[in-house]
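Colleague: Got a minute to go through this one with me? I'd like to start with the strands and then hop around a bit.

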Amino acid sequence: MTAGFQRTLVLVLTCVAAACGDGSSPGTSTDDAAADTVCDGGESRGSSGSPAATGGFEAGRFDGWMEELAGPHSGQVVTSPVRCGGYAARFEWRAGDVGGPVGGYRAEVHDILNYIAPAGSENWYSFSTMIPEDWPDLDAGVVITQWHATPDLADGEVWRSPPLAIRYSGTRLWVTGRHSAEKIQTANDGTSIELYDHPGELTKGVWHDWVFRVRWDHGDGGIVEAWLDGERAISYRGPIGYNDDFGVWFKIGLYRGREEHPETLVIHHDEYRRSDTCEEIAPEVCASE
Ligand SMILES: [Ca+2]
C-alpha cells in the first residue's frame with residue numbers, strides 16, 4: 001500500500017451524537033423520526049470489506065479517478081466553486097462529446113480506487129453537487145451521478161441502464177433504480193423503479209449534499225436509503241441491481257443519452273466518500289477540515 005493510497009483512506013470521524021443508534025429498520029411509522037437522521041436506523045455496518053475512500057480532489061487533479069472525458073474541457077479540478085477544501089471537480093459536456101473507451105455522450109470519472117462493489121455487499125456513499133444557475137431547461141434528464149453495473153460479457157450479457165442514477169432536467173431532479181434477477185440479460189429489459197422525485201425545483205447555484213446507503217441485492221434483500229441536504233429522500237427495500245458476477249461502480253459527471261442536444265452543460269461535484277459504515281463517510285460535510 002503506497003503512502004498516497006493511504007492518504008486516500010478516510011479518517012474515522014466522530015459519529016454525530018445520537019446518529020449512531022441501534023434503531024430498527026426505517027420505513028415503519030415508529031421508526032420514521034429516527035430514520036430521518038443520517039446514519040440512524042441501525043445496521044450501519046456494511047459488508048463490502050473494501051477500503052474506504054475519499055475523493056475531495058485535494059490533490060488538485062483527478063488523482064486515482066478513472067477518466068471518461070472527451071478532452072481537457074470535459075473534466076477539470078478547479079479552485080472555485082468548492083464544497084470543501086481547496087479543490088472540486090468541474091465537468092463540461094459539449095454537443096457531440098464522447099468520453100472514455102466505452103463511448104457514450106459523457107464527461108465522467110469513476111470511483112477513485114476503481115472500486116467495484118460486489119453483488120450482495122452494502123456500501124455508504126456521500127458526495128456534494130452544485131448545478132450552475134444557467135443550466136438550461138432540457139426535454140430529458142441528464143445523469144449527473146450513477147452507479148453502473150458490470151455485465152457478464154463473456155457469457156453474452158449486454159450493457160444495461162444503471163441500477164441507480166440521479167437524473168436532472170433543469171426543472172426536475174429524480175432518482176431511478178433498476179433491477180433484474182436474470183443471470184444473463186440479452187436485452188436492456190430490467191425493471192425500472194422511481195425512487196425519488198424532488199418536490200419543487202432544486203435550488204441552483206448552491207451545493208447539495210447527498211448520502212446513500214445501498215445494499216446491492218437483486219433479490220428481496222436490496223436496500224436504497226438516501227438523504228439530500230440532511231433530509232430523508234429515499235427509504236426503499238426491495239431488489240436493486242442485477243445478477244452479475246461482478247458488481248457496480250460509482251460515477252460522477254454528466255451523461256446524456258442523445259447526441260442531438262446542442263446545449264453545453266456544466267456541473268460541479270466534490271467531497272466524494274465511500275465506506276462500509278455511515279460513520280466513516282462523515283455525514284457532517286467538511287468535517288475533515
Ligand atoms: Ca448478469
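Colleague: So, strand β9, residues 173–180: is it enclosed or open?

Modeller: Largely enclosed by the rest of the structure, because six of its eight residues are buried. Keep in mind that this is a predicted model.

Colleague: OK. How do β8 and β9 pair?

Modeller: Strand β8, residues 164–168, pairs with β9 in the antiparallel sense, over five bridges. If you want a spot to click on, Leu164 sits opposite Gly177 of β9.

Colleague: And what's between the strands in that hairpin?

Modeller: Four residues separate β8 and β9 there, and Gly170 in this hairpin has a positive phi near 115°.

Colleague: How many bridges join β9 to β10?

Modeller: Six, and those two strands run antiparallel, with β10 covering residues 191–197. Arg178 is opposite Ser192 of β10.

Colleague: Then there's β14. Does that run parallel or antiparallel to β9?

Modeller: Parallel, with two bridges joining β9 to β14, which is residues 241–242. His179 has Gly241 of β14 as its bridge partner.

Colleague: Switching topic: where is Ala226?

Modeller: In strand β12, which spans residues 223–228.

Colleague: Buried or exposed?

Modeller: Ala226 is buried, because 22 other C-beta atoms lie within 10 Å and the cut-off for buried is 20 or more.

Colleague: Which residues is Ala226 in contact with, leaving aside neighbours within four places in sequence?

Modeller: Val175, Tyr196, Trp210, Val211, Phe212, Ala233 and Ile234.

Colleague: And how far apart are Ala226 and Leu195 in space?

Modeller: Their C-alpha atoms are 9.6 Å apart, with their positions 31 residues apart in sequence.

Colleague: Zooming out, how many helices and strands does the chain have?

Modeller: Three helices and 16 strands. Buried residues make up 45% of the chain's 289.

Colleague: What share of the contacts comes from residues 24 or more positions apart?

Modeller: 69%, counting contacts in the chain with a separation of 6 or more.

Colleague: Last thing, what's the average pLDDT?

Modeller: The chain averages 84, and 82% of the residues score at least 70. Over residues 1–34, though, the pLDDT is below 50.

Colleague: How many contacts does that stretch have in the model, beyond near neighbours in sequence?

Modeller: Residues 1–34 have 59 such contacts, drawn at a pLDDT below 50.

Notes. Residues are numbered from 1 along each chain as its sequence is written. This is a predicted model: local features need pLDDT of at least 70, side-chain atom pairs count only at pLDDT 80 or more; totals for chains, interfaces and linings use all residues. A residue is buried if 20 or more other C-beta atoms lie within 10 Å of its own, exposed if 12 or fewer, and partly exposed in between; C-beta atoms are placed from the backbone. Two residues are in contact if their C-beta atoms, placed from the backbone, lie within 7 Å. Two strands pair if DSSP finds at least two bridges between them. pLDDT is the predictor's confidence in each residue, from 0 to 100.
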